[in-house]
There are 2 protein chains.
Amino acid sequence: MSATAAKHAFRLTDELAPIQAEISKHHDESLHRLQDWIKHPAIAAENRAMDEGCDYMARLAKDAGFQMTKRIDTDGHPAVFATYDAGAAKTFGLYYMYDVKQADPSEWSSPPFEARIVDKPGFGKVVMGRGAVNQKGPEAAFLGALHAIRAAGKKLPINLVLVAEGEEEIGSPHMRQITNHPEVMAALKKTVGVVMPAAWQDPDGNITVYLGAKGVVECELVADGAKWGRGPGIDVHSSNRARLDSPSFHLVQALATLVDDHGNPAIEGFGKEARSATSEQKQMLDKAAVTLSEETAKKLMHVKTWANDKSWRDSMDPFMFKPTVNIEGLVAGYTGPGGKTILPHRAVAKLDLRLVPDMTYEGALAQLRAHLAKRGFGDIEVTPSGGYDPTDTPFEAPLIQAQLAVARRAGIEPAVMPRLAGSYPGYAFTSAPLRLAAGHFGFGHGSGAHAPDEYFVIEPMNPSVADWDGAVASHVAYLFALAG
Amino acid sequence: MSATAAKHAFRLTDELAPIQAEISKHHDESLHRLQDWIKHPAIAAENRAMDEGCDYMARLAKDAGFQMTKRIDTDGHPAVFATYDAGAAKTFGLYYMYDVKQADPSEWSSPPFEARIVDKPGFGKVVMGRGAVNQKGPEAAFLGALHAIRAAGKKLPINLVLVAEGEEEIGSPHMRQITNHPEVMAALKKTVGVVMPAAWQDPDGNITVYLGAKGVVECELVADGAKWGRGPGIDVHSSNRARLDSPSFHLVQALATLVDDHGNPAIEGFGKEARSATSEQKQMLDKAAVTLSEETAKKLMHVKTWANDKSWRDSMDPFMFKPTVNIEGLVAGYTGPGGKTILPHRAVAKLDLRLVPDMTYEGALAQLRAHLAKRGFGDIEVTPSGGYDPTDTPFEAPLIQAQLAVARRAGIEPAVMPRLAGSYPGYAFTSAPLRLAAGHFGFGHGSGAHAPDEYFVIEPMNPSVADWDGAVASHVAYLFALAG
């Protein structure tokens with residue numbers, strides 16, 4: 001098997017050439033599969049079309065060749081469990097999410113659930129819609145790979161186990177219930193590891209391989225006059241501020257203790273379990289700082305300066321090895337145009353804390369609560385809405401080595417990063433009892449996860465970025481590399 | 001002239017008895033005048049029906065007997081200037097506002113612009129609607145007084161000058177333009193002072209006379225990554241928090257410096273111009289603490305504890321003599337249900353600062369800006385949306401003495417307070433060049449200004465509170481007391 005990075009493409013050659021031919025032949029069909037999926041959003045946060053989304057996912061798996069599909073009910077929204085027995089020696093696990101993040105159509109230049117093909121200046125033709133890159137685009141590209149292998153009359157080189165949850169965007173609160181299901185657990189145990197399809201190329205075409213992911217705690221902090229026993233129990237005229245405490249300032253003061261003067265985490269004990277970077281990991285970052293473009297990263301985020309005035313290389317240290325304290329959202333009192341002279345009785349902050357090994361979800365939450373209580377903010381309610389532990393996968397894992405091999409054969413030397421700075425519920429696979437390797441893989445580029453105008457590039461202007469067929473082909477190459 | 005506080009009423013007797021008869025006879029008419037006015041809201045913050053609101057105000061004045069009404073255009077919304085020449089020796093100034101605060105109907109138990117008569121448990125029958133107490137109710141009661149005097153065939157005992165603005169709820173940004181208008185200025189110069197009709201009884205029936213009002217600065221503080229030059233210039237995935245500064249935490253840290261550990265103002269230099277309480281003023285508070293009910297005040301606001309754990313008497317000191325720093329509203333990033341893992345690029349706080357003599361609007365704003373700049377928050381944009389200086393009126397002013405006289409004749413010994421803890425643009429009357437006395441007056445009870453379910457009591461359960469006709473009658477008594 002072989003592959004080359006042609007202009008605008010990732011193409012399968014030699015013995016995989018017949019599969020490449022089928023990918024090209026069924027280009028429209030596989031792209032429409034993605035577009036139709038985007039048009040059927042399941043949004044756990046809004047309890048929107050979850051049963052339909054689960055059915056849709058099962059049908060996608062069945063159509064792609066999975067012989068067995070099964071709905072797994074949880075205390076929340078259902079998951080899909082599916083197996084594809086190819087009679088192969090090895091088995092490979094897939095982690096899918098069938099839900100997407102909320103979208104406010106008024107913020108989008110193209111309707112989020114119409115999956116239109118639009119020209120994105122500087123990028124090329126893209127499919128724009130909620131889920132385009134997070135995660136339906138890459139997941140549909142993987143399904144396209146299965147369809148193409150079958151259409152070419154080839155045998156799938158490795159058996160598959162699919163776990164598709166519907167609550168990723170609300171913090172995967174029932175992931176353990178899914179993987180603990182006896183049939184799911186038994187099937188996963190046989191795998192060489194679990195991969196989530198991704199669009200892992202940056203706009204320059206670079207590929208990054210991640211050896212794990214940060215964990216996360218998402219939670220709300222609520223200061224309320226009634227609970228606090230100070231300030232008003234209802235919103236009152238702001239003249240009363242002279243004789244009443246302010247729950248909003250109480251929250252502001254609590255939040256201010258969570259970071260130091262430079263904005264770095266200052267929750268007591270937070271991060272003390274963080275493993276130091278190994279010299280191997282440091283070398284990875286030295287290399288990555290050369291491979292990856294600082295300019296591109298800054299441009300994508302409209303950034304002038306890294307935190308703590310770090311260099312590009314040094315900005316990678318906290319990105320990989322430090323936990324974070326972030327304000328996702330803040331809301332209190334009157335938020336419309338102009339002013340309204342009230343003293344609000346309630347103020348809310350939405351936080352996310354990112355965790356590195358060996359920090360844990362439960363530990364971080366306990367540290368946050370203890371920190372607040374110790375500083376006189378014990379009345380502030382901390383309500384977690386989701387999250388999970390960080391993950392780690394060794395560089396030597398066949399799952400990782402196969403990713404490096406595919407990228408190199410395509411002429412790309414990937415950056416290897418100690419971990420993903422984002423989070424996903426891979427802990428359900430990497431921790432006991434499964435202790436599997438886990439990661440992400442896939443060519444192609446997209447961005448805008450959780451933001452308006454989310455996109456996946458279909459016909460890139462940059463020849464170093466895989467087009468849609470190239471993204472599909474990359475999954476074929478990966479399956480054969482894993483099997484080989 | 002005379003008046004008595006009968007059960008459920010404030011009633012005119014003796015030579016004013018014929019006016020009382022007309023008040024009763026035209027009860028429905030005068031109440032409907034208020035209800036219809038509430039049904040025609042003018043909301044400056046939303047630029048809603050301002051021309052119509054101005055016309056409506058002028059018509060109300062004309063109908064009540066003002067011979068001359070004139071629209072005064074400003075750089076913002078227009079005002080109404082009107083005069084009522086009764087051929088009397090003295091002239092009395094009236095300050096009206098024809099605009100109301102915004103209202104979100106979903107928060108109201110009765111539609112805010114339908115002015116329904118509803119039963120309010122513990123209070124009696126009330127008219128509920130935006131403006132019921134702030135300020136259309138009391139203003140309509142005053143108009144009812146003029147109608148009743150005329151209907152009784154009595155001569156108005158004092159000439160009137162009316163100034164009605166339409167921007168009170170956005171901080172009266174053009175008040176000076178109105179009072180500086182040559183005709184308005186000339187007319188106001190002849191007055192014994194300026195009063196704003198009010199519903200000054202608390203639920204217990206107590207009356208408070210205020211010798212001035214606090215000033216206010218309303219402003220927005222905006223932290224923005226682009227302006228700051230740190231953090232993202234757009235909302236980005238929150239994993240980037242590890243390498244990017246957070247404009248939200250930047251704002252939180254800035255806000256935290258505005259108060260001390262106890263939540264008291266800590267803006268550098270803020271309040272250094274505050275005049276100390278005189279021994280006369282302290283005695284006023286000693287008396288007020290006895291006259292006014294702590295329990296009632298706490299119950300109205302759902303409050304357990306005064307700030308700094310002060311006693312009822314001591315809570316009045318900061319209420320009267322200290323400036324405040326209040327958060328009216330806070331907003332950043334995602335504020336919907338659940339979480340959304342973004343690092344917001346922008347965070348906004350809406351503040352109001354209350355000022356006491358001799359602080360000034362311009363001075364306080366300059367102190368806030370200097371404070372922020374000195375502490376490394378110079379990038380945070382401070383945008384004022386309105387405000388004005390504090391006011392002072394001497395206890396000896398005939399305007400004040402007439403209020404005391406009316407209350408005492410009705411059997412109520414009023415509390416006298418050094419000032420109102422709230423604010424209104426009375427500085428336009430009390431400062432140079434006019435230097436007039438100014439205050440508020442009116443019987444009756446209402447509450448909920450700026451909040452949902454704003455109300456004015458029409459048929460009180462508590463016999464010590466004036467009913468609608470009593471509120472109207474109190475203005476008749478006041479006019480005759482002022483003239484006498």
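What follows is a walk through some local features of a predicted model, from a buried arginine to ring pairs and unusual backbone spots.

A good place to start is B:Arg241, which sits in the loop between strand S12 (236–237) and helix H8 (247–256) of chain B. The residue is buried but makes no salt bridge. Its nearest side chain of opposite charge belongs to B:Asp245, and that one is 5.2 Å away, whereas a salt bridge needs the nitrogen and the carboxyl oxygen within 4 Å. What the side chain of B:Arg241 does reach is a backbone oxygen, that of B:Leu244, at 3.0 Å. Setting aside residues up to four places away in sequence, B:Arg241 touches residues of both chains. On the chain A side these are A:Val259, A:Gly263, A:Thr324, A:Val325 and A:Asn326; on the chain B side they are B:Ser246, B:Phe249 and B:Leu343.

Two other arginines turn up over aromatic rings. B:Arg243 lies over the face of A:Phe319, a ring of the other chain, with 3.8 Å to the ring centre. B:Arg48 does likewise within chain B, over the face of B:Phe113, at 4.7 Å from the ring centre.

Rings also pair with each other, and the count over all chains comes to 24 aromatic pairs. One of them joins B:Tyr95 and B:Tyr424, whose centres are 6.0 Å apart with 50 degrees between the planes, a tilted arrangement. This pair ties together distant parts of the chain, since the two tyrosines are 329 residues apart. B:Tyr95 belongs to strand S5 (residues 91–97) of chain B, while B:Tyr424 is in the loop between strand S19 (420–423) and helix H14 (427–430). Both B:Tyr95 and B:Tyr424 are buried. B:Phe441 and B:Phe443 make another pair, with ring centres 6.1 Å apart; their planes are at 65 degrees, so this one counts as edge-to-face. These two phenylalanines are buried as well. In chain A, ring pairs link A:Phe10, A:Phe92, A:Phe441, A:Phe443 and A:Tyr478 into a cluster.

The backbone has a few quirks too. A cis peptide bond joins B:Ala432 and B:Pro433, with omega about 5 degrees, and B:Pro433 is in the loop between H14 and strand S20 (438–441) of chain B. Another cis bond has no proline in it: this one joins B:Asn134 and B:Gln135, with omega about 15 degrees. Here B:Gln135 is in the loop between strand S7 (124–128) and helix H4 (136–151) of chain B.

Positive phi values appear in two residues that are not glycine. For A:Asp14, phi is near 55 degrees, and this residue lies in the loop between strand S2 (11–13) and helix H1 (17–25) of chain A. B:Ala115 has phi near 50 degrees and is in the loop between S5 and strand S6 (116–120) of chain B. Their surroundings contrast: A:Asp14 is exposed, at 55% relative accessible area, whereas B:Ala115 is buried, at 0%.

Last comes B:Asp63, part of helix H3 (residues 50–64) of chain B. At 44% relative accessibility, B:Asp63 is partly exposed. B:Asp63 and B:Leu146 are 83 residues apart in sequence, yet their C-alpha atoms are 9.5 Å apart in space. Leaving out neighbours within four places in sequence, the contacts of B:Asp63 are with B:His147 and B:Arg150.

Notes. Residues are numbered from 1 along each chain as its sequence is written. Chains are lettered from A and ligands numbered from 1 in the order in which they are written. This is a predicted model: local features need pLDDT of at least 70, side-chain atom pairs count only at pLDDT 80 or more; totals for chains, interfaces and linings use all residues. Side-chain values use heavy atoms; hydrogens and water are left out. Helices (H or I, at least four residues) and strands (E, at least two) are DSSP runs, numbered from the N terminus. Buried means under 20% relative accessible area, exposed over 50%, partly exposed in between (1.4 Å probe, protein chains only). Lys and Arg count as positive and Asp and Glu as negative; His and the chain ends are not counted. A polar contact is a pair of N or O atoms within 3.5 Å; within protein, one must be able to donate a hydrogen and the other to accept it, and residues adjacent in sequence count only if both atoms are side-chain atoms. Contact means heavy atoms within 4.5 Å. Rings of Phe, Tyr and Trp (its six-membered ring) pair if their centres lie within 6.5 Å; planes under 30 degrees apart count as stacked, over 60 as edge-to-face and the rest as tilted. A charge sits over a ring if NZ of Lys or CZ of Arg is within 6 Å of the ring centre and within 35 degrees of the ring normal.
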